[in-house]
Amino acid sequence: MRIVGNPENGSTGEPETRELPSAPGTVSLYVRALLSRRGEGPVPARRLVLRDVAADPVRLRRYADVCGFADSSRLPVTYPHIVAFPLAMSLMTARDFPLPLLGLVHIANRIERLRPVEAGERLTYRVWADRSRPHPKGTAFDVVAEADDGSVPVWRSVSTYLHRERAAEGSRPRADVSAGGPRRAGEPVLDERWEVPGSAGRRYAAVSGDRNPIHLHPVAARLFGFPRAIAHGMWTKARALAALEDRLPDAYRVDVSFRAPVLLPARVRLTAARSGAGWEFGLRGDDGAREHLRGEVSPLG
């Protein structure tokens, strides 16, 4: 590991930058999350960098299959998220990170695809935590990821996480307004019903590296207050975008708020409609009673 920049955590100057020789393993990071004690103070001003990364062809095919993307020569818009995820975990399991990884709630995600990325391109990833702030349910913060092709950024994302305070644990968190609110769109032009099997969390975990126990087994999920294992929020986002893939422009921004967990197994309904130059979409329970995800796509450029 090579360290560049300011080594003092929480500094208001230039962030400390650490260049990693390879992506850390997520299993060991989850073990660290279970065993480590939390730091105190602000989110550390630290940036992790992983250079010269190309998608593994086997993993890419498995990811496309799990999420429903067509097999093509381009990276699915959500694929860079799973490359950046181990770096995000490394940040959030560091000894001086003030909030525990296990129990965090992923409440929103924004992705900007600045141009299509070919499957064989080699990219440099930069990941850092940002904007720790009060939230009605506790403390929220962002994890920012960016990928560049050696000259300009081609992809970036912001994932918003919530650490719930003990008094609010029984309440479902609301997403930040930055993830978009309810609006009136036209009549749905996409209306799909999905049968989501009980194995969906394990299949996505195997290809993404996100092995949070709430997604893997009902017994583990019950330890965190869920009656059954739940689907990954980023799987629901990826699956929705796969359904819209052939309708989207080359460059766009997609915001989602994760409203309520999808308890596995499940029957859910995806609807999408035009909204100006973009799209609005949502995922609800098959009976329409429970909203799981709300999203909006806006063209860039």
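## A tour from strand 5 to a helix pair

Begin by selecting L48 and V127, since V127 in strand 5 is the bridge partner of L48; helices (H or I, at least four residues) and strands (E, at least two) are DSSP runs, numbered from the N terminus. The model is predicted, and local features need pLDDT of at least 70, side-chain atom pairs count only at pLDDT 80 or more, while totals for chains, interfaces and linings use all residues. Residues are numbered from 1 along each chain as its sequence is written, and side-chain values use heavy atoms, with hydrogens and water left out.

Widen the selection to strand 3 and to strand 5 (residues 123–135), which pair in the antiparallel sense over 5 bridges; two strands pair if DSSP finds at least two bridges between them. Then add strand 2 (residues 16–20), which runs parallel to strand 3 (residues 46–53) and is joined to strand 3 by 5 bridges. Within strand 3, L48 stands opposite R18.

Next, select S159, which lies in strand 7 (residues 153–164). S159 is buried, at a relative accessible area of 2%, where buried means under 20%, exposed over 50% and partly exposed in between (1.4 Å probe, protein chains only). Its side chain makes polar contacts with the side chain of N109 at 2.9 Å and with the side chain of H106 at 3.4 Å. A polar contact is a pair of N or O atoms within 3.5 Å; within protein, one must be able to donate a hydrogen and the other to accept it, and residues adjacent in sequence count only if both atoms are side-chain atoms. Leaving aside neighbours within four places in sequence, the residues in contact (heavy atoms within 4.5 Å) with S159 include H81, F141 and D142.

Now show helix 2 (residues 57–67) and helix 4 (residues 200–208), whose axes come within 9 Å and cross at roughly 155 degrees. The axes are lines fitted to C-alpha atoms, for helices over the stretch in contact, and angles run from 0 to 180 degrees between N-to-C directions. Helix 2 and helix 4 are therefore roughly antiparallel, a term for angles over 145 degrees. To display where they meet, select R59, R62, Y63, D65, V66 and C67 in helix 2 together with R203, Y204, A206, V207 and S208 in helix 4.

Finally, zoom out to the whole chain, which has 6 helices and 12 strands, and in which buried residues make up 54% of the 301 residues.

Notes: Angles under 35 degrees count as roughly parallel, over 145 as roughly antiparallel, 65 to 115 as roughly perpendicular and the rest as oblique.
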